[in-house]
Amino acid sequence: EREGWEKSTLFLKKLPLKPGDTVVDVGSGPGYFTFKFANIVGERGKVYALDTKKPHIDYIESLIRKWGTTNVVPILSATDNLNLEAKEAADVVFMCSLYHILYAVSSIEEREAMLKGIWQALKPGGKLVIVDNGPVEEEQLPYHGPYIRKELVQAQLEEYGFALAESHQIVPQRYMLVFDRRD
């Protein structure tokens, strides 16, 4: 049902991904986008699926075995640590429906550690992609969930070393922001 309300395919077409890229899917959940990324980056690419919930990581591992996927690496992360030490630098770090949680629930220390970890995980010239919900009129809601204004996300991320490169609004509630890592 997600494709119906979110138009995920349209978001995927706007992503700065190509074969051979390395992607970090922060807050991957059970892997909805993880395996879509794996198809895009192909055998020469790599997708790191990070989540703080062990059942999600276990489920992704079961799908890797079931489908014989060779380019997905599941990692149990923490709210203040990506646990990506000694991994290759990423072309893209992706967060979907997670920034509002990082902003509203995490402590300042956790948020700063997470954003520093994301900045460090990116190659120079790498992209941070945030997909989240913005406020809309009640009648326009294709999906009801927490939200955060994209202007707030942009202002905050600029303080952490990122610069907005692109902004896309596919459905009324859902936006995608693409940030460059500033060096």
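**View 1. Val 153 is buried, with a relative accessible area of 0%.** Welcome to this predicted model, which we visit in a series of close-up views. Our starting residue, Val 153, belongs to helix 7, which covers residues 150-159. Which residue is 24 positions away from Val 153 along the chain, with its C-alpha atom 8.8 Å off? The partner is Leu 177.

**View 2. Asn 133 in strand 5 meets Arg 174 through their side chains.** Strand 5 spans residues 122-133. Is Asn 133 buried or exposed? Its relative accessibility is 0%, so Asn 133 counts as buried. The side chains of Asn 133 and Arg 174 make a polar contact of 2.9 Å.

**View 3. Asp 180 is found in strand 7.** This strand takes in residues 174-181. With a relative accessible area of 25%, Asp 180 is partly exposed. For a sense of distance, look across to Ile 130: the two residues are 50 apart in sequence, and their C-alpha atoms are 12 Å apart in space.

**View 4. Phe 33 and Phe 37 form a stacked pair of rings.** The model has five aromatic pairs by the ring-pair rule. In the pair shown here, the ring centres are 5.9 Å apart and the planes meet at 20 degrees; planes under 30 degrees apart count as stacked, so this pair is stacked. Where do Phe 33 and Phe 37 sit relative to each other in helix 3? They are four residues apart in that helix (residues 32-41), and so about one helical turn separates them. Both Phe 33 and Phe 37 are buried. Step back a little and a cluster appears, in which ring pairs link Tyr 32, Phe 33, Phe 37 and Phe 94.

**View 5. Two rings each have a charged residue over the face.** Tyr 32, which we met in the ring cluster, has Lys 36 over its face, at 4.8 Å from the ring centre. The other ring is that of Trp 119, where Arg 181 lies over the face at 3.7 Å from the ring centre.

**View 6. Lys 54 and Asp 58 are joined by their side chains.** The polar contact between them is 2.6 Å. Lys 54 is part of helix 4, made up of residues 54-67. How accessible is Lys 54? Its relative accessible area is 45%, so Lys 54 is partly exposed. Leu 76 is 22 residues from Lys 54 along the chain, and the C-alpha atoms of the two are separated by 6.5 Å.

**View 7. Val 26 is a buried residue of strand 1.** The strand runs over residues 22-26, and Val 26 has a relative accessibility of 4%. Gly 125 is 99 residues from Val 26 in sequence, and their C-alpha atoms are 19 Å apart in space.

**View 8. The largest pocket holds about 350 Å³ of space.** Which of the 19 lining residues are closest to the centre of the largest pocket? They are Gly 27, Thr 52, Thr 79, Leu 98 and Ile 101. Two elements, helix 5 (99-104) and helix 6 (108-121), each give two or more residues to the lining. Sorted by class, the lining of this pocket has nine nonpolar, seven polar and three charged residues.

Note on methods. Residues numbered from 1 in each chain as written. Predicted model: local features only at pLDDT ≥ 70, side-chain atom pairs only at ≥ 80, totals over all residues. Heavy atoms only, no water. Phe/Tyr/Trp six-rings, centres within 6.5 Å; stacked < 30°, edge-to-face > 60°. Buried < 20%, exposed > 50% of the residue type's maximum accessible area, 1.4 Å probe, protein only. Lys NZ or Arg CZ within 6 Å of the ring centre and 35° of its normal. 1 Å grid on protein atoms, 1.4 Å probe; cavity = no way out; pocket = protein on both sides within 12 Å on 5 of 7 lines; lining within 4 Å. Points joined across faces, edges and corners; volume = space filled by probe spheres on them. Nonpolar A, V, L, I, M, F, W, Y, C, P; charged D, E, K, R; others polar. Polar contact = N/O pair within 3.5 Å; in protein donor to acceptor, adjacent residues only side chain to side chain.
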